[in-house]
Amino acid sequence: MKVLVPIKRVVDYNVKVRVKADNSGVELANVKMAMNPFCEIAVEEAVRLKEKGVVTEIVAVTIGSKAAQEQLRTAMALGADRSILIETEEDAQPLAIAKALKAIVEKEQPQLVILGKQAIDGDNSQTGQMLAALTGMGQGTFASEVVVDGDKVKVTREVDGGFQTVELKLPAVITTDLRLNEPRYASLPNIMKAKKKPLDTVSAADLGVDFAPRTKTLKVEAPAARSAGIKVASVEELVSKLKNEAKVI
Amino acid sequence: MGILVYAEHDNSTIKGATLNVVTAAAKIGGDITVLVAGKGCGAAAEAAAKIAGVSKVLVADNDAYGHQLAENVADLVAELGKGYSHILIPATTTGKNFAPRVAALLDAEQISEIITVESADTFKRPIYAGNAIATVQSSDSVKVITVRATGFDAAAAEGGSASVEAVDVAKDAGVSSFVSEELAKSDRPELTAAKIVISGGRGMQNGENFEMLYKVADKLGAAVGASRAAVDAGFVPNDMQVGQTGKIVAPQLYIAVGISGAIQHLAGMKDSKVIVAINKDEEAPIFQVADYGLVADLFDAVPELEKQI
Ligand SMILES: Cc1cc2nc3c(=O)[nH]c(=O)nc-3n(C[C@H](O)[C@H](O)[C@H](O)COP(=O)(O)OP(=O)(O)OC[C@H]3O[C@@H](n4cnc5c(N)ncnc54)[C@H](O)[C@@H]3O)c2cc1C
Ligand SMILES: Cc1cc2nc3c(=O)[nH]c(=O)nc-3n(C[C@H](O)[C@H](O)[C@H](O)COP(=O)(O)OP(=O)(O)OC[C@H]3O[C@@H](n4cnc5c(N)ncnc54)[C@H](O)[C@@H]3O)c2cc1C
């Protein structure tokens, strides 16, 4: 069966982002970009399913600018067989992304779509669930274990109280949590091979999806800064401060 | 038009986060209706009717909603939600699971994890693990919003007297089913509701050493949390993780023990009122946000702390 893995190009998780002086957004010029960590986990899961013989083809897809080809190449170096770039310069919101992904799902007919549970830039955690709703598929979000069994998939989910396991009919949508797997590193030969794998570009307009956001970002500010307090010399001093100064115990 | 608030509950009681969402709804302004969907959830509905500021409670009591399966709950909320100007859902794992489905079904762009209400269509929400705060304005006719509990005070759980109305809508999408769940049991307060949280990181070295934190927690009536490193290493279960991808807490007092202070961890706790850090490395970034920092070996400091409180 075929798996579709939507991935996103984001600011590398090690970068401490800075808000632009004009409050229009965050500084993205000359900032290191990478594949969203949760998307790496999604690619890894697809690759493991292929290694187990459950999956026959992995298609990576991204919606973004030309630069996002880099992340598609990474996905192919990690094991995706081919990839699709839906090109747009628009700040697409998750609903529009999900609509574009739906168009790809209709064309590719995957049995599984594996996404990250959230992108570490927008932190929205919406795209997978929206895609599932638009396509009428069942969803297993925040997955920490995925077991495909015939025409069903069992997904163990990380929830506030612990774990929940659900069973979904295929085709289904899965979004990955951190502990689903530990992604591998791409080897040099695989990086070379990935350069020859097919990468198709589709323009957003061809899909007939309106990417213009209906939610306007009015401004982006730095959070209230928290200044470092004081160092205490002993546990005794700490307890006394907590009791008498902060009055929290 | 009115606001529909989705209640998080365990069929018998209303979960704390619901009360914070009611406060967010009150800030937007308008009649507040609370929807309690579950199986055998009459007691939870009664409790919801007592929340101050709520004018009506809708109860959808049906097998289909027993385990809060996203496919079924979203169909219900999307159908009932059409008549409201806003649908407010707690940003818990339950809420985050089904809310985007509701938004997609209503062709609305969801606004995730708001922390303030600026006006009926404008909200603030953290992006980039809380390193930036975006002010966003929605032009959707129905606004589907998840609410981060730490951004709002809890509404009073008593004092209201809303009417309770049963809704007879059974939605079973038929694509998913519940298999099992494994919920952690603890006599300590819930992480997201506790006034004091004490968390351990990789510095704790193993699960047994967390006993030291449990002892302090029990003396203080605190909840115990952890960094991702401590969870990944198997010291403690996943439901204890605090951070960008774990739980967001903002207690009166947060004590970080053997935690370095990575941005992803800070994202989950930096709105705490008072932060204490105990770390043997005086350069650890956690000290940059700590009100009181103690540079010490945790294996000396924590037992000492337990003695002195
Ligand atoms: C070029 C560009 C610049 C932007 N600049 C800003 C900005 O400065 N400020 C701001 O607030 N917003 C900005 N946005 C929009 C913001 O990033 C959106 O919120 C985002 O596109 C979707 O939200 P999310 O990634 O948080 O979704 P989530 O729902 O959290 O993503 C979950 C998963 O969905 C999949 N997914 C998400 N997006 C894509 C995609 N594009 N292609 C393929 N799969 C995807 C991935 O598997 C991901 O792990 C920008 C978007 C783009 C494309
Ligand atoms: C996409 C993504 C999401 C993430 N989400 C989260 C999240 O939600 N929550 C989270 O916590 N992390 C998250 N992380 C991980 C995060 O980046 C850090 O790796 C993690 O928080 C580190 O945990 P730690 O501070 O316990 O471990 P370390 O960074 O290893 O720090 C251990 C600390 O313990 C101190 N120490 C050691 N021994 C002692 C002793 N005897 N006495 C006193 N101090 C001692 C050390 O000095 C050190 O500062 C995420 C990462 C990614 C990429």
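## Around ligand 1

A residue counts as near a molecule if one of its heavy atoms lies within 4 Å of it. With that in hand, let's look at this predicted model. Ligand 1 is surrounded by 25 residues, and the closest are A:Pro6, A:Lys8, A:Ile63, A:Gln126 and A:Thr127. The ligand sits between chains A and B.

What is the make-up of the shell around ligand 1? Its residues divide into eleven nonpolar, nine polar and five charged.

## Polar contacts of the ligand

Three close pairs are worth a visit in your viewer. A polar side-chain atom of A:Lys8 lies 2.6 Å from an oxygen atom of ligand 1. At A:Ile63 the partner is a backbone N or O atom, 2.6 Å from a nitrogen atom of the ligand. A:Ser125 also offers a backbone N or O atom, which is 2.8 Å from an oxygen atom of ligand 1.

How much of ligand 1 does the protein bury? Taken alone, the ligand exposes 920 Å², and 89% of that is buried by the protein.

Turning to secondary structure, the elements that give two or more residues to the shell are β4 (57–64), α3 (94–108) and β6 (112–116) of chain A. Of these, β4(A) gives the most, with three residues.

## A buried glutamine in strand β9

Now to A:Gln164, which is found in strand β9 of chain A, spanning residues 162–169. Is A:Gln164 buried or exposed? Its relative accessibility is 8%, and buried means under 20%, so A:Gln164 counts as buried.

The side chain of A:Gln164 has two polar partners to look at here. One is the side chain of A:Arg157, joined to that of A:Gln164 by a polar contact of 2.5 Å. The other is in chain B: the side chain of A:Gln164 reaches the backbone oxygen of B:His67 at 3.3 Å.

## A nonpolar patch on the surface

Let's finish on the outside of the protein. Which residues form a nonpolar patch on the surface? They are A:Leu188, A:Ile191 and A:Met192, and together they have about 290 Å² of accessible area.

A:Ile191 belongs to helix α5 of chain A, which covers residues 188–194. Its relative accessibility is 33%, and partly exposed is the class between 20% and 50%, so A:Ile191 counts as partly exposed. For a place in a patch, a residue needs over 30% relative accessible area, and the 33% of A:Ile191 can be read against that cut-off.

How values were computed. Residues are numbered from 1 along each chain as its sequence is written. Chains are lettered from A and ligands numbered from 1 in the order in which they are written. This is a predicted model: local features need pLDDT of at least 70, side-chain atom pairs count only at pLDDT 80 or more; totals for chains, interfaces and linings use all residues. Side-chain values use heavy atoms; hydrogens and water are left out. A polar contact is a pair of N or O atoms within 3.5 Å; within protein, one must be able to donate a hydrogen and the other to accept it, and residues adjacent in sequence count only if both atoms are side-chain atoms. Accessible areas come from the Shrake-Rupley method with a 1.4 Å probe; for residues, only the protein chains shown count as cover. Helices (H or I, at least four residues) and strands (E, at least two) are DSSP runs, numbered from the N terminus. Ala, Val, Leu, Ile, Met, Phe, Trp, Tyr, Cys and Pro count as nonpolar, Asp, Glu, Lys and Arg as charged, and the others, Gly among them, as polar. Patches are made of residues with over 30% relative accessible area and no salt bridge: like charges are joined within 9 Å, nonpolar side chains (Val, Leu, Ile, Met, Phe, Trp, Tyr) within 5 Å. A salt bridge is a side-chain nitrogen of Lys or Arg within 4 Å of a carboxyl oxygen of Asp or Glu. Buried means under 20% relative accessible area, exposed over 50%, partly exposed in between (1.4 Å probe, protein chains only).
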